[in-house]
Amino acid sequence: MNQRFGWIAGPMRLRIAVMIFAGMVWSCQSVAQAETVPTAAQSSDTAGPVSEEARTLDAPADLPGSEAALSEKQSPQRIPSEAVQPDMAHPAQTHADMDLSPMGMYQAADWVVKSVMILLLVASVLTWAMGVAKQLQIVTANRHARRILRTLVAADTLEAGADHTQTGKGMGMALLHAARHELVLSGHGAASDHGIKERVQARLDRVQASAGRQMNQGTGILATVGSVAPFVGLFGTVWGIMNAFIGIAETKTTNLAVVAPGIAEALLATAIGLVAAIPAVVIYNHFTRVIQGYKALLADISVAILVLISRDLDRQSSADVQTAAPQPMQKAG
């Protein structure tokens, strides 16, 4: 009995195992089919436009409908590309065509920046012209003054010194003439030696002051150019940079090919301002030292004249005293 039921149970177990294995295989096939269906759908969707484009391209050329459809599909793609290409090529073309030399930047600059550049160039030319002219004037005046000083120092009297300097020129001769003129006027009446010396000293001081003013003429231009030219150039730079930022706002781009030319033009104004200012300051300082030396040379001439006048007055006083002294009486033999 037990053997019979055991023989029956064996085939039942085999059947159940086969059914379970078949179910597992069926479920795996169902899952594989479910994953394959979306992929096929996507491939069919992708192939759809291609087939439509192929049908459109393969359509006969004489059909107006196909030709219109083709033009409608191609024209929207061509128009944006043609519109974008000039905008992309414009900055490079502008940068390549622009002349970045100083003359080119001047010609491309704004009228305000051009006016600043012209003004600074005129100031620079005026500075160098004034420097050359003033240097020649100072050299000539110093040469004449030294010659007169040597003559007066070597002279014994004022008249002797005046005779040896008749061919002299410059402000040294003006000092000598002023001193002699005062001596002539003081000799018309009674005058003390001290009063004569004071009046001669006053006249010599006025002549020296006039000579200093005459020699300082023109140096004010150098001082003005040296102090104002950098700020004028800075004004041109600020104006040029402002125009550069306006160009950035209009083109809506920060590309250096668009921004750099305007900034270069602005900086050129500052460079010209420095070119005008630096030599003006150097030349002004040089003339300040040289003119001080010239004034000291005129002061030496005045001292030499006063020494000669004092010597002449002392000799004249001694001669007058000797003339006024009583002669000793001779004893009778």
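Which residues does Thr219 touch, not counting residues up to four places away in sequence? The exercises below lead to this and other points.

The model is predicted: local features need pLDDT of at least 70, side-chain atom pairs count only at pLDDT 80 or more, and totals for chains, interfaces and linings use all residues. Residues are numbered from 1 along each chain as its sequence is written, and side-chain values use heavy atoms, with hydrogens and water left out.

**Exercise 1. Place Thr219 and list its contacts.**

Step 1. Thr219 lies in helix H8, residues 219-251. Helices here are DSSP runs of H or I with at least four residues, strands are runs of E with at least two, and both are numbered from the N terminus.

Step 2. The relative accessible area of Thr219 is 10%. Thr219 is therefore buried, a term that means under 20% relative accessible area, with exposed over 50% and partly exposed in between (1.4 Å probe, protein chains only).

Step 3. With contact meaning heavy atoms within 4.5 Å, Thr219 touches Tyr284, Phe287 and Ile291, not counting residues up to four places away in sequence.

**Exercise 2. Check the span of helix H7.**

Step 1. Helix H7 covers residues 193-216, which is 24 residues.

Step 2. The expected span is 1.5 Å times one less than the number of residues, so H7 should span 34 Å.

Step 3. The end C-alpha atoms of H7 are 35 Å apart, which agrees.

Step 4. Buried residues in H7 include Gly195, Val200 and Met215. Just after H7, Gly218 takes a positive phi of about 100°.

**Exercise 3. Describe the whole protein.**

Step 1. The protein has nine helices and zero strands.

Step 2. Of its 333 residues, 27% are buried.
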